[in-house]
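Visitor: I am new to this model, so please take me slowly through one part of it, in detail, and explain each term as it comes up.

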Amino acid sequence: MIDSTDQIVANHSPSLIQIPEVTPEPNYTVLPKTGSDGTMDGELLEVAMGPHHPSTHGVFRMDVVLDGEKVVKLKPVFGYLHRNHEKIAENTTYLGSMPYTDRLDYLCSMTNNWAYALSVEKLAGLQTPERAEYIRIITAELTRLVNHTCLVGFLLQDMGALGTPLMYAFRERELILDLFESLSGSRMMCNYMRFGGCRVDLPAGWLEQARQVVDNYSGFLDEFEKLLTENEILVARTQGVGVLSAELAIAASITGPMLRACGVNYDIRKVDKYGIYERFDFRVPLGDHGDVYDRYMIRLLEMRESVKILNQAFRDIPAGPIVDPKAKIRGFRPKAGEAYGRIEGPKGELGFYLISDGSPNPYRYRVRPPSLINLTVLEDMCLGEDVADVVINLGSVDIVLGEVDR
Amino acid sequence: METLEQIKASLETSVPGVKLEIIPNESPSGQRSLLVDNAHGVAVAKFLRDDPQLRLDYCSNVTGVDWLDTVLKEKVKAKQLVEGVEKEVEQQIETKRAGYLEAVYHLYSMALKHGPVIIRLRTENRSDKNHLPSLTPVWRGAEFQEREIFDLYGVIFDGHPDLRRILMWDGYVDHPMRKDYVEPDDYDYEPTPHDEVLEKVKQRQPAEAKP
């Protein structure tokens with residue numbers, strides 16, 4: 001087909017193909033900056049950090065306005081992972097949303113389960129047997145170890161220590177996830193708690209395995225601290241960065257390790273004494289500078305306290321039933337009324353607010369997400385600091401987007 | 001901690017003209033709440049925060065609730081003359097209740113470590129009179145949560161510093177957490193390449209949509 005080649009060549013001649021001139025949209029805006037006397041004084045740069053940014057821990061965006069390297073404005077933008085968890089839960093039964101609470105903060109499914117179960121128990125007036133209370137405390141404190149270990153790994157990753165601290169953290173986390181798997185059947189989406197107790201009893205030999213993991217944990221924490229706590233680069237990057245005052249933290253409803261790093265003594269395990277926490281002997285570590293280094297340090301100290309609580313729980317756990325015999329699985333309809341239950345989750349106060357109208361579905365189901373509310377002060381912490389410190393500040397807040405956006 | 005009755009009494013003396021009502025709670029949790037009128041919302045909030053006995057400095061949870069128009073049925077026993085004899089007869093009284101949107105605030109004290117004190121604010125109706133006073137100037141922790149109520153329930157908070165949608169995108173028109181929200185049909189007619197299936201789909205369609 002020699003004669004047709006001419007035509008092909010002719011069709012592809014540059015005069016016939018019209019390529020529209022497309023200039024790519026810039027992902028930044030330049031704003032004029034006026035000085036105090038009203039004259040032009042350089043330029044401000046508006047940058048969108050995220051939603052696809054490795055250090056935003058998911059799909060989360062910060063609209064940052066920069067003056068050179070300094071942050072002059074920062075607005076967080078949410079909603080990329082929004083699926084209206086609350087509406088879905090209002091359209092299903094009380095028990096039906098228990099597996100779905102795992103997906104809120106997917107690193108800490110056990111504490112999410114507990115917070116929801118606690119609220120429903122308040123609403124329906126159920127009592128939890130003693131053994132179930134101990135199992136809940138064991139799983140919750142193991143979850144706290146998982147969360148804080150991961151957080152330290154992620155924070156160092158954000159700081160540029162690529163890989164190594166995170167892999168140390170994940171090595172230990174995997175041991176605890178193995179425990180969760182043998183207990184509930186799933187590593188992360190445990191769906192383990194039930195209203196008035198727990199789903200299944202501990203398998204044979206589980207306590208010995210758990211004791212082994214927890215015994216080795218102190219050694220791992222020593223190793224972790226030897227690598228990190230006095231590391232010159234970590235100290236230089238975090239001390240005096242992102243300072244948050246105690247007054248602002250209280251006014252902005254900050255909870256969890258971030259609040260205690262500012263020196264406010266408020267731990268719901270001590271204040272509400274939910275479950276059987278008043279039987280345990282543990283301290284509440286407090287920081288006094290409120291900077292990123294304190295937030296890092298508080299988490300390490302809290303892990304040591306968790307190890308203490310776990311050892312006491314392993315010593316004292318009794319035999320017995322694991323679920324309240326009054327708790328109904330089928331036809332569960334709490335009396336009309338409302339209840340707000342809260343626990344000290346690894347990230348802060350995790351609460352569930354439920355209104356019942358006597359039907360099998362909750363009339364109102366609300367999650368109080370600690371990650372979202374702790375982001376209220378992100379702008380205050382970052383103002384006047386370098387753009388490179390924004391990611392460290394965000395990392396030290398400890399967010400999980402499954403919970404922020406719900 | 002003071003009981004809710006004591007809080008109500010001290011509020012009535014220190015905030016003149018305030019209208020308060022204790023909302024009972026039948027559930028075993030026993031968490032009763034205090035309904036505050038909208039005109040004095042901010043004054044009540046400031047008092048609760050600054051009063052040395054209460055010092056509710058920590059606003060933990062803010063949430064919206066949607067209550068639709070309902071007919072409340074109440075059975076009342078009344079004495080009536082039936083055929084000359086006085087008898088007790090059950091009567092059913094029906095009262096219409098207009099719907100409203102509600103904002104619920106759970107307050108705790110970090111300084112004195114007590115709580116919760118629950119206050120509620122109610123809008124007049126669900127359509128045009130949906131304004132509430134914002135308590136963000138008193139407790140900054142309410143900022144994102146009030147934005148969420150504005151987004152998902154459509155309550156407008158007067159005095160909020162930055163009232164924008166937070167979870168849904170800008171330009172979205174509806175409020176998805178309302179009880180009468182209708183989910184959109186967001187699937188389109190997509191015929192498969194198989195002839196039989198295509199015929200079936202066409203048969204099921206109304207006449208004017210047939211190609």
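Guide: A good place to begin is a single pair of residues: A:Ala48 stands opposite A:Asp63 in E3(A). Please keep in mind that this is a predicted model, in which local features need pLDDT of at least 70 and side-chain atom pairs count only at pLDDT 80 or more, while totals for chains, interfaces and linings use all residues. Residues are numbered from 1 along each chain as its sequence is written, and chains are lettered from A and ligands numbered from 1 in the order in which they are written.

Strand E2 (residues 40-49) and strand E3 (residues 61-67) of chain A are joined by 5 bridges in the antiparallel sense. Helices (H or I, at least four residues) and strands (E, at least two) are DSSP runs, numbered from the N terminus, and two strands pair if DSSP finds at least two bridges between them.

Widening the view, we find an open sheet of 4 strands in chain A, ordered E1-E2-E3-E4, with antiparallel pairing. Strand E1 (28-34) and strand E4 (70-77) of chain A each have a single partner strand and stand at the edges, so one side of each is left without a neighbour in the sheet. From one strand to the next, the twist averages 20°; axes here are lines fitted to C-alpha atoms, for helices over the stretch in contact, and angles run from 0 to 180 degrees between N-to-C directions.

Helix H15 (residues 387-397) of chain A packs on this sheet, touching E2, E3 and E4 of chain A, where two residues are in contact if their C-beta atoms, placed from the backbone, lie within 7 Å. The direction of helix H15 makes about 150° with that of E3(A).

For the wider setting, we can turn to chain B, which has 4 helices and 9 strands. From the N terminus on, the elements of chain B follow the order α-β-β-α-β-β-β-β-β-β-α-β-α. The radius of gyration of chain B, taken over C-alpha atoms, is 25 Å, well over the 17 Å that the globule rule gives for 211 residues, so chain B is more spread out than a compact globule; that rule is 2.2 Å times the number of residues to the power 0.38. The C-alpha trace of chain B spans about 80 × 70 × 30 Å along its principal axes. Among contacts in chain B between residues at least 6 apart in sequence, 56% join residues at least 24 apart.
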